[in-house]
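Visitor: Could you take me on a close look at one part of this model, please? I would like to follow a helix pairing and the charged side chains around it, and then see what lies elsewhere.

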Amino acid sequence: MNNINEEYIEEYIRSILPCKPEIFMDLEKYANENHIPIIHPEVAQFLILILKMKKPLNILEVGTAIGYSALIMAYGTQGKANITTIEKRQDMIDIAMNNINSSYYSGKIEILEGDAEEILPKLTGKYDFIFLDASKGHYLDFFRDCSKLLNDDGLIVSDNVLYKGMVASDELVVRRKKTIVKRMRQYLKYISDLEGFITSVLPLGDGVALTYKEGGN
């Protein structure tokens, strides 16, 4: 129970999700058995839908983990998008590289090794779609850099923004998570009020924020 949606709602939504290719089922099983957080199944389906509508050519991801979400995005764009993903943990990079190289999309996904706070300011490319799923306490810093890299009419999708419901209710906040919750509230306030951008926060999975960059900004 993540304190965002009732368990029966989550179970029902997941029960009607279409079957994905076997590689994703294998990755979901591996992540579950090894306690590695990946995007929720309903969030994966949401990304696939958004990507099919948006048809981005260049995607940036902050937080690779085992490569699951990067592969989901490759699948959602039918392998037509170039995906750059950033990860600082070498053990995750090794696993992700193996998973990506074993897929149909090995030539479309590039992993940049290092701390996103150091890498993002150095990037010079432009992106149509950016997915944030790394250190939750640093989303605001990530966003400020990513917003400069985002093309007009582009989207930034931020995962885990309600953080097990803690962001929405002080009664749920665990003491050791107070700083993360405080920073995530600041982040959501910032992107909701930011001129030239439109944000919608959805109670999907662990909370998802969609931020659209209006043209001409």
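Guide: Happily, and one cut-off will help us on the way: a residue counts as exposed when its relative accessible area is over 50%, as buried when that area is under 20%, and as partly exposed in between. Please keep in mind that this is a predicted model.

Let's begin with helix H8, which covers residues 178–193, and its partner H7, residues 139–149. Two packed helices are described by the angle between their axes and the distance between the axes. Here the axes come within 9 Å and cross at roughly 30°. Angles under 35 degrees count as roughly parallel, so H7 is roughly parallel to H8.

Which residues make the contact between H7 and H8? From H7 come Tyr139, Leu140, Phe143 and Arg144, and on the H8 side they meet Met184, Tyr187, Tyr190 and Ile191. By class, the residues of this contact are seven nonpolar and one charged, with no polar residue.

Now turn to the charged side chains of H8. Arg185 takes part in a salt bridge with Asp170, with 2.7 Å between the closest N and O atoms. This pair links distant parts of the chain: Arg185 belongs to helix H8, while Asp170 sits in the loop between strand E5 (150–159) and H8, and the two are 15 residues apart. Asp170 has a relative accessible area of 57%, which is over 50%, so it counts as exposed. Arg185, with a relative accessible area of 31%, is partly exposed.

A second salt bridge of H8 joins Asp193 and Lys189, whose closest N and O atoms are 3.0 Å apart. Asp193 and Lys189 are four residues apart in helix H8, so about one helical turn separates them. Both Asp193 and Lys189 are exposed.

How many salt bridges does the structure hold? There are six. Another one of them, between the side chains of Asp91 and Arg89, has an N to O distance of 2.6 Å. Asp91 is partly exposed at a relative accessible area of 36%, and Arg89 is partly exposed too, at 44% relative accessibility.

For what lies elsewhere, let me take you to helix H3, residues 41–54. Its 14 residues reach 20 Å from the first C-alpha to the last, close to the 20 Å expected at 1.5 Å a residue. The buried residues of H3 are Glu42, Val43, Ala44, Phe46, Leu47, Ile48, Ile50 and Leu51.

Just after H3 comes Lys55, with a positive phi near 55°. Most residues other than glycine have a negative phi. Lys55 is not a glycine, yet its phi is positive. Lys55 is found in the loop between H3 and strand E1 (58–62), and its relative accessibility of 62% makes it exposed.

Further along, Ala65 also has a phi near 55°, again a positive value in a residue other than glycine. Ala65 lies in the loop between E1 and helix H4 (68–76). Is Ala65 buried or exposed? At 18% relative accessibility, Ala65 counts as buried, whereas Lys55 counts as exposed.

How values were computed:
Residues are numbered from 1 along each chain as its sequence is written. This is a predicted model: local features need pLDDT of at least 70, side-chain atom pairs count only at pLDDT 80 or more; totals for chains, interfaces and linings use all residues. Side-chain values use heavy atoms; hydrogens and water are left out. Axes are lines fitted to C-alpha atoms, for helices over the stretch in contact, and angles run from 0 to 180 degrees between N-to-C directions. Angles under 35 degrees count as roughly parallel, over 145 as roughly antiparallel, 65 to 115 as roughly perpendicular and the rest as oblique. Contact means heavy atoms within 4.5 Å. Ala, Val, Leu, Ile, Met, Phe, Trp, Tyr, Cys and Pro count as nonpolar, Asp, Glu, Lys and Arg as charged, and the others, Gly among them, as polar. The expected span of a helix is 1.5 Å times one less than its number of residues. Buried means under 20% relative accessible area, exposed over 50%, partly exposed in between (1.4 Å probe, protein chains only). A salt bridge is a side-chain nitrogen of Lys or Arg within 4 Å of a carboxyl oxygen of Asp or Glu.
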